[in-house]
Amino acid sequence: MTMDAHVDLSVALGELELANPVMTASGTFASGREFAAFVDLNRLGAVVTKGVSAQPWDGNESPRIAETPSGMLNSIGLQNPGAEAFCAKDLVWLKEHAPRVPVIVNVSGHTVDEYAAVVERLDEECAVSAYEINISCPNVDEGGLAFGTSCPAAAAVVAACREVTTRPLIVKLSPNVSDIAEIARAVEAAGADAVSLINTLLGMAIDVDTRRPMLARGVGGLSGPAIRPVAVRMVWQVARAVTIPVVGMGGIMTGRDAIEFMLAGATAVAVGTANFIDPTATMRVLDGVEEYCRKHGVKRVRDLIGAVSL
Amino acid sequence: MTVSPQPVLETVRVLANERIATGVGLLTLQAPRIARSVEPGQFVHLRIGVGRTEILRRPFSVHRAVGDRIEILYQVVGAGTARLARVGPADEDLDAIGPVGHGWDVPAGTSHALLVTGGLGAAPMGMLAERLAAQGVACVVAMGAPTAERLVARELFESVARKVVLTTDDGTAGTRGLVTVATERLLAEERFDMVYACGPEGMQRAVASQAAVAGVRCQVSLERLMACGIGACLSCVVTTTNGRKRACVDGPVFYAEEVVWYASEVPPKH
Ligand SMILES: Cc1cc2nc3c(=O)[nH]c(=O)nc-3n(C[C@H](O)[C@H](O)[C@H](O)COP(=O)(O)OP(=O)(O)OC[C@H]3O[C@@H](n4cnc5c(N)ncnc54)[C@H](O)[C@@H]3O)c2cc1C
Ligand SMILES: Cc1cc2nc3c(=O)[nH]c(=O)nc-3n(C[C@H](O)[C@H](O)[C@H](O)COP(=O)(O)O)c2cc1C
Ligand code: FES
């Protein structure tokens with residue numbers, strides 16, 4: 001083993017081939033534009049955009065975030081300008097500034113038809129490589145989490161999206177369930193090409209001085225290093241339950257954290273909250289993954305997938 | 001409008017960290033790239049050390065920029081600022097994203113400005129006062145604070161302004177009472193073509209309505225909880241007549257007439 005031995009970092013999510021396993025976590029990277037000053041977007045395995053809905057969504061009231069030990073709660077509520085504006089602004093920008101990076105559009109909806117409508121509209125755009133179907137947002141009243149906590153509802157969303165596209169469908173799973181493997185199997189059966197997990201854990205924080213919740217909405221989604229062990233455990237459970245690839249996320253801050261998810265069974269990983277703490281986090285994670293492989297004589301990063309020894 | 005330069009991520013060195021009043025510090029950082037490009041009213045998003053359970057950055061206005069240095073005036077209110085009060089030249093794990101945000105607008109032709117500060121609201125006004133003075137704009141500064149020693153940056157304003165009017169809650173300096181009593185009188189007695197206000201949101205709201213009555217345009221600098229600080233996460237929205245905007249990049253400075261007050265305010269502590 002030499003220090004500069006070439007490491008093959010490529011991985012595949014079904015038909016979607018990635019130059020490396022490091023992607024962005026939806027909602028923490030917008031569409032990349034704000035990070036272009038800090039990150040070489042073309043080095044990313046993929047950009048996963050913020051959630052896009054058919055019509056513009058206003059999101060929730062403020063305060064929308066609260067810092068908690070080694071993490072944060074958010075209740076942004078999927079504020080976004082809708083699919084048309086997304087195509088006109090974000091996609092056009094990405095095509096021009098990050099032409100080599102696959103774009104995965106995160107899709108949200110209140111109803112099955114809304115999800116399918118977004119996918120159908122985006123399928124007209126050649127700049128989109130795949131979809132991540134968010135059935136796990138804890139921050140909207142209808143849709144979102146409701147779909148992600150019931151096997152038939154989750155399957156219905158996936159089946160409806162499957163009907164309108166042949167592009168890869170990644171289904172984003174919620175940790176707010178008692179058996180995540182069961183939901184994963186249901187979406188696999190409905191036609192998902194991959195699953196991604198975890199979305200945020202439903203949480204709450206109260207200011208004891210004012211006796212009011214820290215978030216205007218009361219509850220929100222917990223993310224960051226605080227949730228990492230829960231996420232690793234769920235990735236491990238899901239990877240054993242399905243045959244499709246798994247994208248792992250939840251508190252990844254370093255390359256070693258990313259490797260932990262791959263050992264648990266993830267084919268690719270996503271960096272979320274870390275982007276807020278260090279806008280270059282995705283690059284650091286990518287460099288760290290490569291460094292780990294060199295140090296441990298791993299020639300192909302995909303050899304690490306599920307390689308935990310029990 | 002000032003065109004914001006692209007922010008950078010810069011490792012900063014602590015050159016000095018002095019306590020200047022009860023619970024208030026003045027931090028001098030070596031940050032050459034930020035210092036060179038920062039405009040009045042912009043801020044830095046500061047990482048105060050790594051490996052702690054408080055993971056998020058903290059936003060602070062740039063009070064002044066001199067050469068390759070920036071100055072930050074801060075008030076200790078929680079864990080992050082308590083840690084900031086303890087940092088010194090030996091700490092090597094601080095970095096800043098900056099300069100961020102849309103700062104104070106100084107339209108061509110501005111000749112008489114009223115600057116209104118409440119407490120630490122003086123922080124984003126230091127560079128502004130210097131800039132206005134350098135451009136020959138006549139400035140009146142109305143400062144409010146709980147007590148005399150908390151009239152932070154008073155000397156700076158006194159050195160560049162035509163007049164500085166002081167108010168304190170306890171009467172230890174200037175007139176006893178709220179700064180808004182002073183501004184109401186100033187707006188009635190003198191002619192201004194711009195009001196700049198920063199302080200508690202209630203104070204900014206009150207000054208904005210006084211300015212509107214006097215027919216003078218008013219800019220305010222709003223605080224919101226911020227995760228990314230660069231426009232990506234939508235944590236920091238301000239409700240405006242033009243929809244929801246991001247305090248971090250569309251603000252923190254807004255024209256008051258655009259702000260829908262109360263709608264997105266950070267609830268005051270206690
Ligand atoms: C654009 C901008 C400029 C600012 N400039 C200054 C300045 O020049 N001097 C100064 O003393 N303070 C300034 N503040 C406020 C400062 O950011 C907070 O006081 C600080 O983040 C509190 O951190 P903490 O850990 O001590 O408090 P905690 O209450 O423990 O913080 C908990 C969380 O809430 C956030 N938070 C708490 N209060 C505020 C607040 N008022 N605004 C935004 N986030 C808050 C923290 O960042 C953290 O995420 C500014 C805020 C903004 C948005
Ligand atoms: C501010 C914020 C916004 C988010 N928005 C979305 C979203 O729009 N769609 C989605 O599927 N997940 C969203 N998420 C969840 C993240 O993509 C990710 O699943 C989760 O935060 C766990 O990863 P992390 O700990 O690395 O942040 C959001 C998370 C945060 C913190
Ligand atoms: S703090 Fe993230 S958008 Fe303003």
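1. Strand E3 (residues 22–24) of chain A pairs with E16(A) in the parallel sense, over three bridges. The register can be read from A:Met23, whose bridge partner in E16(A) is A:Ala270. The model is a predicted one, and the points below should be read with that in mind.

2. E16(A) also pairs with E15(A): the two strands run parallel and are joined by three bridges. Here A:Gly248 stands opposite A:Val269 of E16(A). Between these two strands the chain passes through H7(A), going from E15(A) to E16(A), and the resulting β-α-β crossover is right-handed.

3. Is E16(A) covered on one face or on both? Both faces are covered. A:Ala268 and A:Ala270 are buried on one side, and A:Val269 and A:Val271 are buried on the other. Two of these residues have appeared above: A:Ala270 is the bridge partner of A:Met23, and A:Val269 lies opposite A:Gly248.

4. The crossover helix, H7 of chain A, spans residues 255–264. Seven of its 10 residues are buried, so the helix is largely enclosed by the rest of the structure. The buried residues are A:Gly255, A:Asp257, A:Ala258, A:Ile259, A:Phe261, A:Met262 and A:Ala264. An aspartate, A:Asp257, is therefore among the buried residues, that is, under 20% relative accessible area.

5. What do the buried residues of H7(A) pack against? Their partners are three strands and two helices of chain A: strands E1 (11–13), E15 (246–249) and E16 (268–271), with helices H6 (228–241) and H9 (281–295). Both strands of the crossover, E15(A) and E16(A), are thus included in the packing. After the helix comes A:Gly265, which has a positive phi, near 130 degrees.

6. Ligand 2 is surrounded by 23 residues, of which the closest are A:Ser26, A:Lys172, A:Gly224, A:Gly251 and A:Thr273. The side chain of A:Lys172 places a polar atom 2.7 Å from an oxygen atom of the ligand. Backbone atoms also take part: a polar backbone atom of A:Gly251 is 2.6 Å from an oxygen atom of ligand 2, and one of A:Ile198 is 2.9 Å from an oxygen atom of ligand 2.

7. Chain B contains an open sheet of four strands with antiparallel pairing, in the order E1-E8-E4-E5. Its edge strands are E1 (8–11) and E5 (58–61), each of which pairs on one side only. From one strand to the next, the twist averages 30 degrees.

8. At the E5 edge of this sheet, strand E4 (residues 43–48) of chain B pairs with E5(B) in the antiparallel sense over four bridges. B:Phe43 has B:Ser61 of E5(B) as its bridge partner. Beyond residues up to four places away in sequence, B:Ser61 touches B:Gln42, B:Phe43, B:Glu71, B:Ile72, B:Ala123 and B:Pro124. B:Ser61 and B:Glu190, by contrast, are 29 Å apart from C-alpha to C-alpha, with their positions 129 residues apart in sequence.

9. B:Thr28 belongs to strand E3 (residues 24–30) of chain B. Is this residue buried or exposed? Its relative accessibility is 8%, so B:Thr28 counts as buried. Neighbours within four places in sequence aside, B:Thr28 is in contact with B:Arg13, B:Val14, B:Leu15, B:Ala16, B:Arg69, B:Ile70 and B:Glu71. B:Glu71 is also one of the residues touched by B:Ser61.

Note on methods: Residues are numbered from 1 along each chain as its sequence is written. Chains are lettered from A and ligands numbered from 1 in the order in which they are written. This is a predicted model: local features need pLDDT of at least 70, side-chain atom pairs count only at pLDDT 80 or more; totals for chains, interfaces and linings use all residues. Side-chain values use heavy atoms; hydrogens and water are left out. Two strands pair if DSSP finds at least two bridges between them. Axes are lines fitted to C-alpha atoms, for helices over the stretch in contact, and angles run from 0 to 180 degrees between N-to-C directions. Buried means under 20% relative accessible area, exposed over 50%, partly exposed in between (1.4 Å probe, protein chains only). Contact means heavy atoms within 4.5 Å. A crossover is right-handed if, with the strands pointing away from the viewer, the path from the first strand over the helix to the second runs clockwise. A residue is near a molecule or strand if one of its heavy atoms lies within 4 Å of it. A polar contact is a pair of N or O atoms within 3.5 Å; within protein, one must be able to donate a hydrogen and the other to accept it, and residues adjacent in sequence count only if both atoms are side-chain atoms.
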